[in-house]
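Colleague: I am new to this one and would love a friendly tour. Could we look at it together?

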Amino acid sequence: MEGDSPKVIENSEGERTTPSVVTFNQKGELFVGVLAKHQARTNLTNTIFGTMRIIGRLYADPQTQKEMKLVPYKVKATNSVTFLDGNEFENTLLEYLLSEFKNIESIGLSKDELALQRFREAAEKAKIELSSTSQTVINLESLVNHLIERSKNLCMGCLKDAGASVEDIDEVILVGGMTRVPLIQRVASEIFGKSPSKRVNSDEAVAMGAAIQGSILRRDVKELLLLDDVPLSLGIFTRLSCRSTKILCSVLPDNYVIGIDLGTTNSSVSVIEGYIPKVILNSEGERSTPSVIAFNETGKLLVGVPAKLQAVTDPSNTIFSAKRIIGRRFDDSHIQKMMKMVPYKIVKAPNGEAFG
């Protein structure tokens, strides 16, 4: 804008438009626009164009498959399942504990909210213990073998979709608290033939990556190109409509880039300071916050540790694992199963989606 009028900026060649083409020569030098388009005649496989046509599309999309036959560049693959996280392992342990108690005591506790919450805490404790040891009182490996196999299949499927082999992988990075479990690390080593990298904090990697992506989008960082896919719709709530409770958001100084990892179990926030991602401590001085909210008897909103503590005495007003229902239909089999495992109500929204 110049004054009140919009003005087109000319490129370095004095043209008002630039071909949406980039290419790399044999020396790794980057060319953009007309120069890249000309080089396409002699260096086709290193020339990229038409990328807008694949942004936001799944790899298996027929349009993407058709596009791959018409362009010289390769599309890297992704593979993920929403219901395959630390909570899924935790729920498996919970189901086992409830089943064993019923077999021994002939008492079913699935309808007892307080008892269910205590068993859930026992399952979480067992999972945490397994983050630093190979064994706990419960034999994890035999219980979660089906989940491990699903993880293996996802990894191998992703390699197949990318047309790659394990020998093509330079480094394996594990993300998420569950990856601290020795069993998970061992399985990853077996799949890829190399030990996972230890240089990334698995609890903070997503938030720090999000902050880096924010800097890339704002063009503070120009040396990196980070492409990612999200299997869920994302948004920011400033009010909980069911309680008409406002959530006060902290305000950072202008020009801060914020990265948020809304984890199923824990969440963390990171900012970029001097081109380096830095995790923000919460009000308790911790680097991560339990992804739990609760309402006490007066209707006050509790978040994080205080909410998690209240789950012991008031589980029906404590909400956790909410990420697992985002974007899911109410009649989804995973949602129906989850409704039996959590103390709070999951209802059917007007659009047919599950709402906690």
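Colleague: How many residues apart are Arg186 and Glu190 in helix H7, and about how many helical turns separate them?

Modeller: Happy to start there, and please keep in mind that this is a predicted model. The side chains of Arg186 and Glu190 form a salt bridge, with N and O 3.5 Å apart. Arg186 is partly exposed, at a relative accessible area of 39%. Both residues belong to helix H7, where they are 4 residues apart, so the separation is about one helical turn.

Colleague: Which parts of the chain does the pair Glu95 and Lys337 tie together?

Modeller: In the salt bridge of Glu95 with Lys337, the closest N and O atoms are 3.6 Å apart. Glu95 has a relative accessible area of 31% and counts as partly exposed, and Lys337 is partly exposed too, at 40%. The two residues are 242 apart in sequence, so the pair ties together helix H3, which holds Glu95, and helix H10 (residues 333-339), which holds Lys337.

Colleague: Is Glu204 buried or exposed?

Modeller: Glu204 meets Arg287 in a salt bridge, at 2.4 Å from N to O. This pair links distant parts of the chain, 83 residues apart: Arg287 is in the loop between strand S8 (276-279) and strand S9 (289-290), and Glu204 is in the loop between H7 and helix H8 (205-217). Arg287 is partly exposed, at 41%. Buried means under 20% relative accessible area, and Glu204, at 6%, is buried.

Colleague: Now for the interior. Which helix gives the most residues to the largest nonpolar core?

Modeller: That core has 27 residues, and Phe89, Leu94, Val144 and Ile148 touch the most other members. At least two residues come from each of helix H3 (86-105), helix H4 (113-129), helix H6 (145-162) and helix H7 (182-192). With 6 residues, the helix that gives the most to this core is H7.

Colleague: Which domains each supply at least three residues to this core?

Modeller: Let us turn to the domain assignment. At least three residues of this core come from each of domain 2 (86-133) and domain 3 (146-192).

Colleague: Which residues does Val144 touch, not counting residues up to four places away in sequence?

Modeller: Val144 is one of the residues that touch the most other members of the largest nonpolar core. With residues up to four places away in sequence left out, Val144 touches Phe89, Thr92 and Leu183.

Colleague: How many residues are in the second, separate core?

Modeller: Its members include Val292, Ile325, Ile335 and Val342. The size of this second core is 13 residues.

How values were computed: Residues numbered from 1 in each chain as written. Predicted model: local features only at pLDDT ≥ 70, side-chain atom pairs only at ≥ 80, totals over all residues. Heavy atoms only, no water. Core = buried A, V, L, I, M, F, W, Y, C linked by side-chain atoms within 4.5 Å. Buried < 20%, exposed > 50% of the residue type's maximum accessible area, 1.4 Å probe, protein only. Domains from an automatic or database assignment. Contact = heavy atoms within 4.5 Å. Salt bridge = Lys/Arg side-chain N within 4 Å of Asp/Glu carboxyl O.
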